[in-house]
Number of protein chains: 4
Amino acid sequence: MISFSLFGAGRMGIVHAQNIDANPRATLKYVVDIDGGAASRLAGKYRATATDLETALSDPSIDAVLIASATVTHADIIKASVRGNKAIFCEKPLDLDLRVAEECVDLVQQADIPFALGFNRRFDRNFQAIHQAITEGQVGDVENVIITSRDPSPPPVEYIRQSGGIYRDMMIHDFDMARWLLGEEPIEVYANGSCLVDSAIGLAGDVDTAAVVLKTESGKLCQITNSRRAVYGYDQRVEVFGSNGMVRTENELHDLVTHFGRDGVVSAKPVDFFIQRYEQAYRRELEDFVSAVLNNQPPLVTAVDGYRALLLADAAAESDRSGKAVRL
Amino acid sequence: MISFSLFGAGRMGIVHAQNIDANPRATLKYVVDIDGGAASRLAGKYRATATDLETALSDPSIDAVLIASATVTHADIIKASVRGNKAIFCEKPLDLDLRVAEECVDLVQQADIPFALGFNRRFDRNFQAIHQAITEGQVGDVENVIITSRDPSPPPVEYIRQSGGIYRDMMIHDFDMARWLLGEEPIEVYANGSCLVDSAIGLAGDVDTAAVVLKTESGKLCQITNSRRAVYGYDQRVEVFGSNGMVRTENELHDLVTHFGRDGVVSAKPVDFFIQRYEQAYRRELEDFVSAVLNNQPPLVTAVDGYRALLLADAAAESDRSGKAVRL
Amino acid sequence: MISFSLFGAGRMGIVHAQNIDANPRATLKYVVDIDGGAASRLAGKYRATATDLETALSDPSIDAVLIASATVTHADIIKASVRGNKAIFCEKPLDLDLRVAEECVDLVQQADIPFALGFNRRFDRNFQAIHQAITEGQVGDVENVIITSRDPSPPPVEYIRQSGGIYRDMMIHDFDMARWLLGEEPIEVYANGSCLVDSAIGLAGDVDTAAVVLKTESGKLCQITNSRRAVYGYDQRVEVFGSNGMVRTENELHDLVTHFGRDGVVSAKPVDFFIQRYEQAYRRELEDFVSAVLNNQPPLVTAVDGYRALLLADAAAESDRSGKAVRL
Amino acid sequence: MISFSLFGAGRMGIVHAQNIDANPRATLKYVVDIDGGAASRLAGKYRATATDLETALSDPSIDAVLIASATVTHADIIKASVRGNKAIFCEKPLDLDLRVAEECVDLVQQADIPFALGFNRRFDRNFQAIHQAITEGQVGDVENVIITSRDPSPPPVEYIRQSGGIYRDMMIHDFDMARWLLGEEPIEVYANGSCLVDSAIGLAGDVDTAAVVLKTESGKLCQITNSRRAVYGYDQRVEVFGSNGMVRTENELHDLVTHFGRDGVVSAKPVDFFIQRYEQAYRRELEDFVSAVLNNQPPLVTAVDGYRALLLADAAAESDRSGKAVRL
């Protein structure tokens, strides 16, 4: 049984609290949030206690921390948790600054404590089936990966301003997906973005629509598309092409019903956003972390994965500025 | 908060125990099973107590019973529960004997206690979307309903022998679906069955493959197909046709990935069986019952629905024997 | 090279004239129609001559006749063609009277002349793929066939009055499909029809919606659904279920484009009617007949097939009247 | 009625000869090919005459030329046809040299003769439906176009050597598609290619796998993927994303049948290659040209379109060499 301190009682904190509670091998003991009321409400719902960082990390009965607080707090909580010798599950990203992220990775590796990063998509049943198809040889040698990620609607511009930009905030998930499916590190990154959805995003110095090309040492190519707005719902698809064929996944839909009418054949839209699409993935992700801690085995997503994805995000941002492909 | 006594610690009892435990408005207090070990194991998992029928029904803190025991026990537990004035959720069927079923319905109605019957399919997201499309007028006047139900593999012949036959045991779900979607009672039933899957089923006096036609007063037609074996998984589909178009649902699949290869385009199979397919439906079904009890409102599926479906099953069995349509 | 006399310059005559003209091994010489103007126009389009039955059958350069005239004329033209020793392609049905149909079959068999009946659906690429899957063993032992046929809109009631009724006029195609896919003769027929689409059809003594169950000697079951109106287009689907799995076909669509929008995911409707759906099938059907004549091999659909389908249609009509399954 | 001289009796010449013959408003008079035997065989099949360029262009009864000969001959035949004042249908590309292509465009425009370029994909029913959805506003403002083109297998390396490279030979179709769907000229081109399929292609100085990003003045982005080999058949898909949603098309399949079996759900593969996929598109393309000539209206694809696509191909080739985006 793993006893958790949860940092962050916002949207993702709520998801993780629920999953910890429902997991037969995990229990939620503390909730920490700068907003004490939110911490208390969430803690109360699951018979946990709202507390501060000190207590949450010094209590020897705590085995693990789950970091779902604001990005700027991640590195500090990681460092404190390492000092407290707690296993760590951290939402993406490690940090928006690559050097800080690297520092975290080093600390975690030196302390040799279990660390999982929240690239939840790797736990989606569809992306897992795609990864399995690759490892089982159904695709042959992977030659081309195409990743589509579109959010239903853009976040508030205040969020955009402190997000690190689309490549670090949103496409970072796709960079991780690319690395996982390519099975090889990208060594070349080209990015080109536009502000087409919301001009306020452009004024904030960011883009809302972006296209990226990655290339690995052996020449595999990956294309990524991002948009901050898709009126038909959350759009998360992957296509992997290789010497033996192609695998691809469609989006999860609200239901599997189709209506055949005078004006066409209408079926259900993709589910709304990540909370719905990755509901099961979040549960599996936690399960993987709990197993990693209990069985002393590596989690599916490590601190290094968090660092590598950020490296690609930085390269993409640079490429978008310079108009040249960036070599790593 | 509703406190439950659960009867039956077998496959369905396990499903319901888990859902009661996970439901924030329900709690499991007692588990009763002829197999005391099974009752204890299941009770232990959810901090409940294994006990006998007396205790389970006489404890005044118990609000409701959930009957998931063997079919032959249903009527007696229903009667005892009515005497104990407990709200009742009963797995299908009420009983295999129509008169006994009618007696149960009468008792329940006279006592005016909340009663829900476990026709779980009405809570499937897809069948709900179909029903909603009908009520919203997307189909127009319903003219034709086509229901396909195929189990992945036949049950043991011992089960068949005491099952009441395919019409009462398996197709009864489809009769309920037909009534729900037709929006009108069938008045004519034609059934024709064959033993094509397993000759032992034929020796036991039953069929394993069956085709049924229902007709309502206003002339709506419904066709039902059953098979006890489908090598590709659990096959549960519905198509509703009417003056404004058609709605239909596909099966739930293991995942949404497709592989394009030399030998064809391969996608995932339907999920294995009812436990997987209706996992969410069982949760919603319980939720509906809990709401019915707490808010004093009728549940979606009533005792009368259980009786009506059995009436159709009996008529189908008679039609299969006689080769004639049976009028109700 | 096969030289044709074409009887009938209506909708089907036009289709066949075009296909004869486009077929490199066939040529259209004469067109005969009670409406001389129509015959002339059609003949003129393909450098053929409008003429009368005498000439069309006595010209020794004529190898074959194609009968696409009104149903009532079929038997007489067949008989005259047999006397003229011409190969015969005849649109369905042979005749609405079973005895007349039998007479035609006998004549044709005694004269041993090539005879093909126009059950065009057997030449559809999808139904051919289904048939091939069966013969290659992908379905295993066929246990259940489900056939859906819905026309986009009902014909004028004048047509209905002389059509022989839905079973002989419309469902006869499905009876042929059933025999072809079951691979065994049905021995039991149950039919139940309603008038739901157009009350004028009911006043004319016919139904517009019908459900049929067929059973073969070995117990295979087939279900057929017909409607005279489907607002979403021509609906022609088949599903074959057996010990190794299921094959089914979707309808041909206008295109393969899908629009993902705010209100749902919309794709194209099925093509409008038989002229569009079976455009290619009509060409292949003619090609099969031409090959049969030139290579002295049996065509895919024979006079006996026409007779057998009519036998089932008659049995269905009788069952609908009596409410009992009819044994053949 | 348009009378044609056809240049080229190879694969594409055969397709066009057949379509000219089948078109009621067109007739094939001459076939010219360096291989006199091929010219004679093709001419003979359609009652045309094999001849030389002089005759084919000087005969005053000839209205139009169809150029389906080797790429190196295109410019000369265009020039001679302009001198002969014949309407011109020319297979892609105009020429591999941009200056020569420009010269052809100028000549054709000065002479003001009807000229259509063979970007056949614009006549595919699916791509037409996508274009129509855009023009009807179903996509809103186009923001992102994703084009996938994969050939079933690579051509012989001798072909590769004189092809001008993947961008000019293969992706040129996608550049035209991009321009057509973006509705705006790309001003920035990034390309990155690899040799992953056949090392002989790399030795010949070309790539067989390529990823391209285009950007227009207003910031619309387009991503193109090419591969010279797809084991599952010809893969030609397009996805267009915008402010009101997304439209996309699937490939044309051999049939619409699906087999549900023990090992998965298997459906038919995409059709083999362009001859099958674009069979109907080639007919429509010719029809469009014939209408353009007869009605004195612009054809859907002009000489300028041919030039513009080549411009993008050249830019892509340069970008692939330099690793930088090329601005136009």
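This passage describes two chain interfaces and one pair of packed helices in a predicted model.

The interface of chain C and chain B is considered first. Here 44 residues of chain C are in contact with 44 residues of chain B, and the area buried between the two chains is about 3300 Å², of which carbon and sulfur atoms contribute 51%. Between chain C and chain B there are eight salt bridges, and a salt bridge joins the side chains of B:Glu250 and C:Arg248, with a distance of 2.7 Å from N to O. In addition, 24 residue pairs are in polar contact between chain C and chain B, where both residues of a pair have a pLDDT of 80 or more. On the side of chain C that touches chain B, the elements that give two or more residues are the strands β7 (142-150), β8 (186-194), β9 (209-216), β10 (221-227), β11 (235-242) and β12 (245-249) of chain C. Of these, β9(C) gives the most, with six residues. By residue class, this side of chain C divides into 16 nonpolar, 16 polar and 12 charged residues.

The interface of chain A and chain D is described in the same order. The contact takes 44 residues from chain A and 44 residues from chain D, and these chains bury about 3300 Å² between them, with 51% of that area on carbon and sulfur atoms. Eight salt bridges are found across the interface of chain A and chain D, and in a salt bridge the side chains of A:Glu250 and D:Arg248 meet at 2.7 Å, N to O. The residue pairs in polar contact between chain A and chain D, both at pLDDT 80 or more, number 24. The side of chain A that touches chain D receives two or more residues from each of several elements of chain A, among them β7 (142-150), β8 (186-194) and β9 (209-216). The element that gives the most to this side is β9(A), with six residues, and the residues of the side divide into 16 nonpolar, 16 polar and 12 charged.

Within chain C, the packing of two helices was also examined. Two packed helices are described by the angle between their axes and the distance between the axes. The axes of helix α1 (residues 11-22) and helix α12 (residues 279-295) of chain C come within 10 Å and cross at roughly 60°, and the crossing of α1(C) with α12(C) is right-handed. In this contact, α1(C) takes part through C:Met12, C:Val15, C:His16, C:Asn19 and C:Ile20, while α12(C) takes part through C:Tyr282, C:Arg283, C:Glu285 and C:Leu286. The residues of the contact of α1(C) with α12(C) divide into five nonpolar, two polar and two charged.

Conventions:
Residues are numbered from 1 along each chain as its sequence is written. Chains are lettered from A and ligands numbered from 1 in the order in which they are written. This is a predicted model: local features need pLDDT of at least 70, side-chain atom pairs count only at pLDDT 80 or more; totals for chains, interfaces and linings use all residues. Side-chain values use heavy atoms; hydrogens and water are left out. Contact means heavy atoms within 4.5 Å. Buried area is the accessible area (1.4 Å probe) that two parts lose on being put together, summed over both. A salt bridge is a side-chain nitrogen of Lys or Arg within 4 Å of a carboxyl oxygen of Asp or Glu. A polar contact is a pair of N or O atoms within 3.5 Å; within protein, one must be able to donate a hydrogen and the other to accept it, and residues adjacent in sequence count only if both atoms are side-chain atoms. Helices (H or I, at least four residues) and strands (E, at least two) are DSSP runs, numbered from the N terminus. Ala, Val, Leu, Ile, Met, Phe, Trp, Tyr, Cys and Pro count as nonpolar, Asp, Glu, Lys and Arg as charged, and the others, Gly among them, as polar. Axes are lines fitted to C-alpha atoms, for helices over the stretch in contact, and angles run from 0 to 180 degrees between N-to-C directions. A crossing is left-handed if the near helix is turned anticlockwise from the far one by less than a right angle, and right-handed if clockwise.
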